[in-house]
Amino acid sequence: LAALRMYQEIILEDAADPAVVTAFSQKTGDALGRMESLIQALLKITRLDAGGIIFSEERISIAELVRQAAAELSTRAAREEKTLHCSGPAAQTLLCDAEWTREALGNLIKNALGHTQRGGRIDVTWERSAAVARITVADDGCGIAPEDLHHIFKRFYRSRSSLDSQGVGLGLPLAKSIIEGQGGVLSVQSAPG
């Protein structure tokens with residue numbers, strides 16, 4: 001809000017300069033987009049906590065689920081010169097709420113992108129056994145310090161070494177609530193580097 005107020009003041013002061021108006025209108029749009037994402041994440045987490053979400057169950061191709069989640073982020077990956085690679089058996093399926101699971105998976109991929117340097121790689125893979133389907137999001141980013149591992153699924157938690165200046169610490173808690181709300185498990189393995 002403070003940034004929006006500042007951008008508005010700049011636009012009002014320099015209304016005669018089209019370049020200033022265009023530049024700060026773009027900044028205003030970006031700030032509004034971040035605010036909308038934050039509000040939507042808070043509303044979703046609140047609805048999940050209150051039991052206001054009833055997950056549907058449908059059988060969906062894991063490959064299609066991953067493709068849809070990654071498609072929304074492929075432009076960002078390309079812009080940041082990062083490789084987003086998805087692979088796994090095409091015939092495997094998952095019984096889940098596709099929309100919510102796609103949201104959780106997207107949050108995991110966003111997190112990986114946010115913690116991977118330019119030129120890095122994010123791999124989304126899947127496999128299925130008789131008892132469990134496992135989707136893994138792995139990156140070659142900075143890794144997570146041991147003291148941070150037990151906190152990353154807490155709301156608003158951000159490690160001191162976080163590279164993603166846009167995040168507010170809601171993506172991983174939301175992903176965890178979505179997966180666990182469907183009877184799944186979300187876990188992490190990492191080490192610095």
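Reader: How are α4 and α6 oriented to each other, roughly parallel or roughly antiparallel?
Author: In this predicted model, α4 and α6 are roughly antiparallel to each other, because the two helices, residues 98-114 and residues 171-181, pack at an angle of about 150°, and angles over 145 degrees count as roughly antiparallel.

Reader: And how far apart are their axes?
Author: The axes of helix α4 and helix α6 are 9 Å apart.

Reader: Which hand does the crossing of α4 and α6 have, left or right?
Author: The crossing of α4 and α6 is left-handed.

Reader: Which residues meet there, between α4 and α6?
Author: From α4 the contact takes in W100, T101, E103, A104, N107, L108 and N111, and these meet G171, L172, L174, A175, I178 and I179 in α6. By character, the residues of this contact of α4 with α6 comprise eight nonpolar, four polar and one charged.

Reader: Take N107 in α4; is N107 buried or exposed?
Author: N107 is buried, because its relative accessible area is 10%, and the cut-off for calling a residue buried is under 20%.

Reader: What is N107 in contact with, leaving aside its neighbours within four places in sequence?
Author: With those neighbours set aside, N107 is in contact with G171, L174 and A175, and each of these three is listed among the α6 residues that meet α4.

Reader: Changing topic, where is E81 found?
Author: E81 is found in the loop that runs between α3 (62-79) and β2 (83-87).

Reader: And what is the phi of E81?
Author: The phi of E81 is near 55°, which is a positive value in a residue other than glycine.

How values were computed
Residues numbered from 1 in each chain as written. Predicted model: local features only at pLDDT ≥ 70, side-chain atom pairs only at ≥ 80, totals over all residues. Heavy atoms only, no water. Helix = DSSP H or I, 4+ residues; strand = E, 2+ residues; numbered from the N terminus. Axes fitted to C-alpha atoms, helices over the stretch in contact; angles between N-to-C directions. Parallel < 35°, antiparallel > 145°, perpendicular 65-115°, else oblique. Left-handed = near helix turned anticlockwise from the far one by under 90°. Contact = heavy atoms within 4.5 Å. Nonpolar A, V, L, I, M, F, W, Y, C, P; charged D, E, K, R; others polar. Buried < 20%, exposed > 50% of the residue type's maximum accessible area, 1.4 Å probe, protein only.
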